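Biologist: Please take one part of this structure and go through it slowly. I would like to know how two packed helices sit against each other and which residues make the contact.

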Amino acid sequence: MSKTTDLIQFSAVNFAYGQSKIFQNLDVGFAAGKVTAIMGGSGSGKTTILKLIGGQVRPQQGSVRCEASVVNQMKHHELFAYRKRVGMLFQFGALFTDLNVFDNVAFPLREQTTLPEVAIRDLVLMKLHAVGLRGASSLMPAELSGGMARRVALARAIALDPSLMLYDEPFTGLDPISTAITGNLIRTLNDALGITSIFVTHDIKASFKVADEVVLLSRGSVTARGTPSDLLESKDPLVRQFVNGEVDGPVPFHVPSKPYQEDLEVGMGRTDR
Ligand SMILES: Nc1ncnc2c1ncn2[C@@H]1O[C@H](COP(=O)(O)OP(=O)(O)OP(=O)(O)O)[C@@H](O)[C@H]1O
Ligand SMILES: [Mg+2]
């Protein structure tokens, strides 16, 4: 197997929100030109990884690199230039409700470039065509189904020709057909545009179908990284629990908390601790 290079590299990353430690000594890479799925339980830090990559949050220690640049050391203007190359589709990829589909997709082009309107028109139609919605360009967001709205948000996210696409829960709230369409789009756009894609999801079926690689997070670090078939064949109990969606296993159901009895005592007015 040929060795792939990583576009994004986390090295010895420590990250906490205040006192709440999310990652300790996290080392993980995301392969250039590939589609990688980040999976893991709720609260395992999936969205936080995307924020670290996008430079919305910075690690307390360690580095997040994109090729040779250290994202967490970028100055404001460097971060601004870097973010132009990163497309982001957030869970509720909100469209501007008072702009039609065309103007939603044109928005980043009008804001961030000095292209003439005729070039913007061609680009918008090209992006809408790529997501199968060229015929919907004059509709308002309220006239779209959830799956269509997601695709418009996707067209808007690729408007500036990013070299890296980040998707947070792209399948949430979609029916199985729209999920398959969105999954196919992530795959086709990645390959047709020659970009790198990273998406976060709970949907094992969709992610194993679309992704080249899967990164499984648990307890502040990476439990497994491999192809979908590597994970399916894994003997690791954590991986098995996740892949099979089992309730019982090494992944705890409860968020770490003080003993239940202590909480009950406080509730009963016993604050003499
Ligand atoms: N801005 C914030 N301030 C404080 N804590 C936060 C903040 N954002 C997230 N957290 C906490 O950090 C942990 C990881 O959050 P994150 O959003 O990365 O999880 P996730 O894996 O994306 O979860 P989900 O699957 O539920 O979206 C959670 O325990 C969450 O409560
Ligand atoms: Mg999340």
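Modeller: What follows is a look at one helix pair, with some context before it and a short note on the ligand after it. The model is predicted. The chain contains 10 helices and 10 strands. Of its 273 residues, 34% count as buried. Among contacts between residues at least 6 apart in sequence, 63% join residues at least 24 apart.

Now the pair itself. Two packed helices are described by the angle between their axes and the distance between the axes. Helix H3 covers residues 101-112 and helix H4 covers residues 117-130; they pack at an angle of about 125°, and their axes are 9 Å apart. Angles of 65 to 115 degrees count as roughly perpendicular and those over 145 as roughly antiparallel, so an angle between these ranges is oblique. H3 is therefore oblique to H4. Their crossing is right-handed. On the H3 side, the contact is made by Phe102, Val105, Ala106, Leu109 and Arg110. H4 contributes Ile120, Leu123, Val124, Lys127 and Leu128. By class, this contact has eight nonpolar residues, two charged ones and no polar ones.

The surroundings of ligand 1 have another make-up: two nonpolar, eight polar and one charged residues. Among them are Tyr17, Ile22, Gly43, Lys46 and Thr47. Strand S2 (20-31) and helix H1 (46-54) each supply at least two residues of this shell. The largest share, three residues, comes from H1.

Notes: Residues are numbered from 1 along each chain as its sequence is written. Chains are lettered from A and ligands numbered from 1 in the order in which they are written. This is a predicted model: local features need pLDDT of at least 70, side-chain atom pairs count only at pLDDT 80 or more; totals for chains, interfaces and linings use all residues. A residue is near a molecule or strand if its C-beta atom, placed from the backbone, lies within 6 Å of it. Helices (H or I, at least four residues) and strands (E, at least two) are DSSP runs, numbered from the N terminus. Ala, Val, Leu, Ile, Met, Phe, Trp, Tyr, Cys and Pro count as nonpolar, Asp, Glu, Lys and Arg as charged, and the others, Gly among them, as polar. Axes are lines fitted to C-alpha atoms, for helices over the stretch in contact, and angles run from 0 to 180 degrees between N-to-C directions. Angles under 35 degrees count as roughly parallel, over 145 as roughly antiparallel, 65 to 115 as roughly perpendicular and the rest as oblique. A crossing is left-handed if the near helix is turned anticlockwise from the far one by less than a right angle, and right-handed if clockwise. Two residues are in contact if their C-beta atoms, placed from the backbone, lie within 7 Å. A residue is buried if 20 or more other C-beta atoms lie within 10 Å of its own, exposed if 12 or fewer, and partly exposed in between; C-beta atoms are placed from the backbone.
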